[in-house]
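Student: Could you take me through one part of this model closely, and then show me how other parts of the chain are held to each other? I'd like the reasoning along with the numbers.

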Amino acid sequence: MARWCYRHRLVVLLLWVGALFGLGFSASSAGTDYANVFSLPDTDSKKAYDLMEKAFPARAGDTDTVVWKVDEGSVRDEEVRSRIQPALERIAGMKGVGGVTSPYAGADGAGQVSEDGRIGYAQVTFTDQANAVPKELVEDVVDTARDARRDGLDVELGGQAIQRVQEPPAGLAEMVGLGAAAVVLFLAFGSLFAMLLPIGVAVFGVGTGMFSTQLLSHVTDIPDLAPLLSTLIGLGVGIDYALFIVTRHRKGILRGMDPEESTVTALNTSGRAVLFAGGTVCIALAGMLVTNLRFLDGVVIGTSLTVVLSVLAATTLLPALLGFLGPRVLSRKQRRMLATTGPEPEKATGLALRWSAGVQRRPWRIAVLALAVMAVLALPVLSLRLGATDQGNDDSTTTTRQAYDLLAEGFGPGFNGPLQVVVSDGDTTALVKEIEGTEGVARVTALPPSQGVTVVQVVPTTSPQSQETDALIDRLRDEVIPGTGAKAHVGGVTAVSKDFSTVTGDRLPLFVATIIGLGFLLLLVAFRSLVVPLTAALMNLVAAAASFGVLVAVFQWGWGLELLGLGKEGPINAFLPVIMLSLLFGLSMDYQVFLVSRMHEEWVHTRDNARAVRVGLAETSRVINSAALIMVCVFLAFVLSGDAGAAMAGVGLAAAVALDAFILRTALVPAAMHLLGTSNWWLPAWLDKRLPHLAVEPNEDAEEAAPVADGPASAVHGYVRDPAGDPVEGAALTLMSKGGRQLDRVTSLADGSYILAVPAPGTYLLATTAASYTSRARQLLVADEPLVVDVELDLEQGEVDAPR
């Protein structure tokens with residue numbers, strides 16, 4: 001497939017461009033139809049909702065709030081009313097506004113003014129839901145209301161539609177993330193073209209994924225958070241997957257391979273690992289379905305589809321783009337060095353090599369230090385409290401947060417999240433009396449009954465996110481309602497959030513066991529070891545605990561929230577643990593596969609565990625750290641998205657990836673593998689026979705030609721000559737495995753002769769360099785007899801003579 005895409009690169013590129021623009025045009029024409037469906041079967045709030053939907057059909061449109069406050073006097077004063085009432089009338093007359101409920105509308109509006117008379121509010125009902133209200137209309141409403149301000153009179157607005165207009169420009173987070181990723185890629189590659197490849201592939205994968213998700217929103221329920229999360233994970237994995245393949249391709253060209261063969265080899269090695277890693281991410285995301293929470297079904301669809309398309313782009317579009325670039329995927333300096341000094345096997349050098357050797361020398365010290373750091377970061381997770389964020393968690397400079405605070409000041413903290421006790425049978429009067437006398441209740445109002453159902457509005461004394469409000473809901477359900485003999489259920493947004501958190505918490509252990517068990521089985525089959533997948537499972541749990549500890553410290557305790565501009569502290573979104581664990585599992589599997597597959601390859605060759613761990617870490621740590629740094633940049637950029645849920649997910653995933661890559665995969669995992677020794681690769685014989693064989697990354701040294709039976713060591717020999725037939729003395733000839741491992745190296749004698757030792761029959765790479773001559777490289781198939789290869793070097797572009 002890689003070879004076909006390389007040779008038909010224009011066709012592949014046109015297909016992808018057509019798919020991107022075709023889906024984009026269709027999605028733009030169809031619009032969006034995102035829906036947040038919190039379906040919680042067998043919960044008390046769901047029963048209350050069903051009763052209310054039957055007896056009191058909800059208004060079709062979104063209801064937002066205009067709040068105003070005077071420093072002196074009352075909002076009923078004529079000079080205040082003369083400014084506010086005309087503004088409300090202008091808003092009511094706007095096309096798309098269904099109506100405005102004003103405190104100046106007779107006795108019915110008396111309850112919309114605070115007891116001290118300094119704060120009042122009006123409700124604006126649109127004809128559409130928040131995500132369908134035109135942005136221009138919402139901006140007109142905000143501008144009209146805020147034009148009524150003057151000294152001593154403050155006007156603020158709250159609600160879902162209002163929140164949409166104060167979000168940063170769409171695409172800001174994505175552009176910042178891509179910009180940061182571009183910087184990291186340029187520093188890693190030193191080439192503009194190589195930098196653009198992963199970004200281009202990620203843009204195609206995420207673009208087609210987002211447009212497809214938007215179209216699917218018309219067919220099934222997809223929450224409005226899904227496209228943000230899809231973009232977040234799609235950019236991360238899309239860039240990383242392309243990075244792995246491009247890195248392998250560049251290594252191949254530096255070793256002297258033809259660009260087409262290097263592309264095919266890169267896709268057949270790293271490309272297979274990308275397929276495996278993308279599959280594990282999708283399987284992990286699908287693990288969310290075991291929670292049976294309908295809200296997450298749309299998230300699974302959107303994110304999984306984006307990951308699949310990102311993998312497809314990396315395995316089809318990328319080889320086509322590599323075909324267009326050819327050797328320009330290298331930097332100019334690398335191309336000059338390749339032309340002058342010839343291909344060289346890539347060896348781990350510098351910091352990566354020193355760090356790997358240091359881990360081998362002091363595994364106990366590094367393991368203990370890494371565990372201590374992770375344990376300290378995980379401590380806050382003991383205080384984890386799941387809930388739901390609201391506009392009270394917005395930044396203090398936003399109008400929605402200020403409106404929220406004004407309503408809490410004028411009507412009590414519980415006004416922003418009233419409870420709805422829905423009564424279908426029993427003595428409603430007695431129930432209302434009991435509720436009024438219940439601790440934690442500020443106000444109780446019974447609405448007129450409809451179809452035998454009565455709704456009792458209960459305003460708590462505490463805020464919607466406080467633990468005291470949760471306790472009040474439990475008290476009403478367990479004591480107050482049963483004590484009166486009434487048949488009633490407690491609903492409302494606050495009760496739904498509490499039930500959602502409870503259900504999520506109850507099902508979280510099953511979900512964790514599912515994805516950890518699945519990861520264990522996948523790695524067991526891939527590396528044919530019991531200890532490697534067990535270590536990975538434990539590391540995943542450690543990474544999850546530490547990353548959630550960071551989340552609790554930042555978003556629940558408020559450490560650094562003002563610095564990040566993320567508003568006020570509160571509980572952790574109930575859906576976040578499930579989403580974060582899914583993504584963390586999938587992403588950590590990427591790094592684990594990339595790291596351990598190189599260790600496993602070295603172990604198969606040498607049966608030396610210490611060498612396998614040292615070489616595997618030295619040769620992969622740089623690309624793992626580069627990939628992780630890119631993901632951290634992309635995830636942190638979503639702090640700018642304006643969505644509290646996406647910002648929380650971005651910070652949590654950035655912390656998880658950073659801890660996983662920089663501490664676990666490059667310190668704790670190799671240190672533990674050094675301590676465990678050869679037991680890392682232990683697998684009972686009976687289990688080995690029953691497990692299927694899965695090649696995550698095929699051995700690069702495997703023969704590509706017809707198989708040759710094992711035999712004794714052989715040799716390659718011949719002469720190095722110039723075009724005139726004169727011998728070339730001092731030419732360097734290097735015999736390498738197809739994976740780039742140097743096997744033998746000699747220099748030609750005065751008569752141009754050379755001889756290289758071959759360890760066994762197989763496929764090898766012969767590289768020849770000499771001063772003032774163009775370097776040459778070719779693949780050789782060596783049997784059990786010595787192979788004669790004469791090499792001709794030319795000052796101009798030439799070919800290697802065929803072996804005779």
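Tutor: Happy to! Let's begin with helix α5, which covers residues 135-146. The model is predicted, and in it the 12 residues of α5 reach 16 Å from the first C-alpha to the last, close to the 16 Å expected at 1.5 Å a residue. The buried residues of this helix are Leu137, Val138, Val141, Val142, Thr144 and Ala145. Looking down the axis of α5, you find these buried residues within an arc of 165°, so they line one face of the helix. The spacing fits a general rule: an α-helix has 3.6 residues a turn, so residues three or four places apart point the same way. What covers the buried residues of α5? The cover includes four strands, β1 (63-70), β2 (97-101), β3 (119-126) and β4 (153-158), together with the helices α4 (78-92) and α6 (160-165).

One of those covering strands, β1, leads us to the salt bridges. Lys69 lies in β1 and Glu409 in helix α15 (residues 399-411), so their pairing ties together parts that are 340 residues apart in sequence. The N to O distance in this salt bridge is 2.9 Å. Lys69 counts as buried, at 17% relative accessibility, whereas Glu409 is partly exposed, with a relative accessible area of 48%.

Arg477 deserves a look as well. Its salt bridge with Asp44 brings the closest N and O atoms to 2.9 Å. That pair links distant parts of the chain, with Arg477 in helix α17 (residues 467-484) and Asp44 in helix α3 (residues 44-55), 433 residues apart. Arg477 also forms a salt bridge with Asp499, where the closest N and O atoms are again 2.9 Å apart. Here helix α17 is linked to helix α18 (residues 493-527), which holds Asp499, and the two residues are 22 apart. Are Asp499 and Arg477 buried or exposed? Both are buried, and for Arg477 the relative accessibility is 17%.

Elsewhere, Arg3, Arg7, Glu260 and Glu261 are linked in a network of salt bridges. The count for the structure comes to 15 salt bridges.

Disulfides tell another story, since the structure holds 0 of them. Take Cys282 as a case: the closest cysteine sulfur, in Cys5, is 19 Å from its own sulfur, too far for a bond. The cut-off for a disulfide is 2.5 Å between the sulfur atoms. Cys282 counts as buried, at 17% relative accessibility.

For a contact away from charged groups, try Leu13 in helix α2 (residues 9-30). This residue is partly exposed at 23% relative accessibility. Leaving aside residues up to four places away in sequence, Leu13 touches Leu317, Leu321 and Phe324. By contrast, the C-alpha atoms of Leu13 and Val124 are separated by 49 Å, with their positions 111 residues apart along the chain.

Finally, a word on confidence. The mean pLDDT of the protein chain is 83, and 91% of its residues reach 70 or more. Among the elements, helix α14 (residues 363-378) has the highest mean pLDDT, 94, and helix α20 (residues 561-564) the lowest, 73. Over residues 699-711 the pLDDT is below 50, and beyond near neighbours in sequence this stretch has 29 contacts in the model. Residues 796-804 also stay under 50, with 20 contacts beyond four places in sequence. Where pLDDT is low, the predicted coordinates should not be read in detail.

Key. Residues are numbered from 1 along each chain as its sequence is written. This is a predicted model: local features need pLDDT of at least 70, side-chain atom pairs count only at pLDDT 80 or more; totals for chains, interfaces and linings use all residues. Side-chain values use heavy atoms; hydrogens and water are left out. The expected span of a helix is 1.5 Å times one less than its number of residues. Buried means under 20% relative accessible area, exposed over 50%, partly exposed in between (1.4 Å probe, protein chains only). The arc is that of the directions from the helix axis to the C-beta atoms. Contact means heavy atoms within 4.5 Å. A salt bridge is a side-chain nitrogen of Lys or Arg within 4 Å of a carboxyl oxygen of Asp or Glu. pLDDT is the predictor's confidence in each residue, from 0 to 100.
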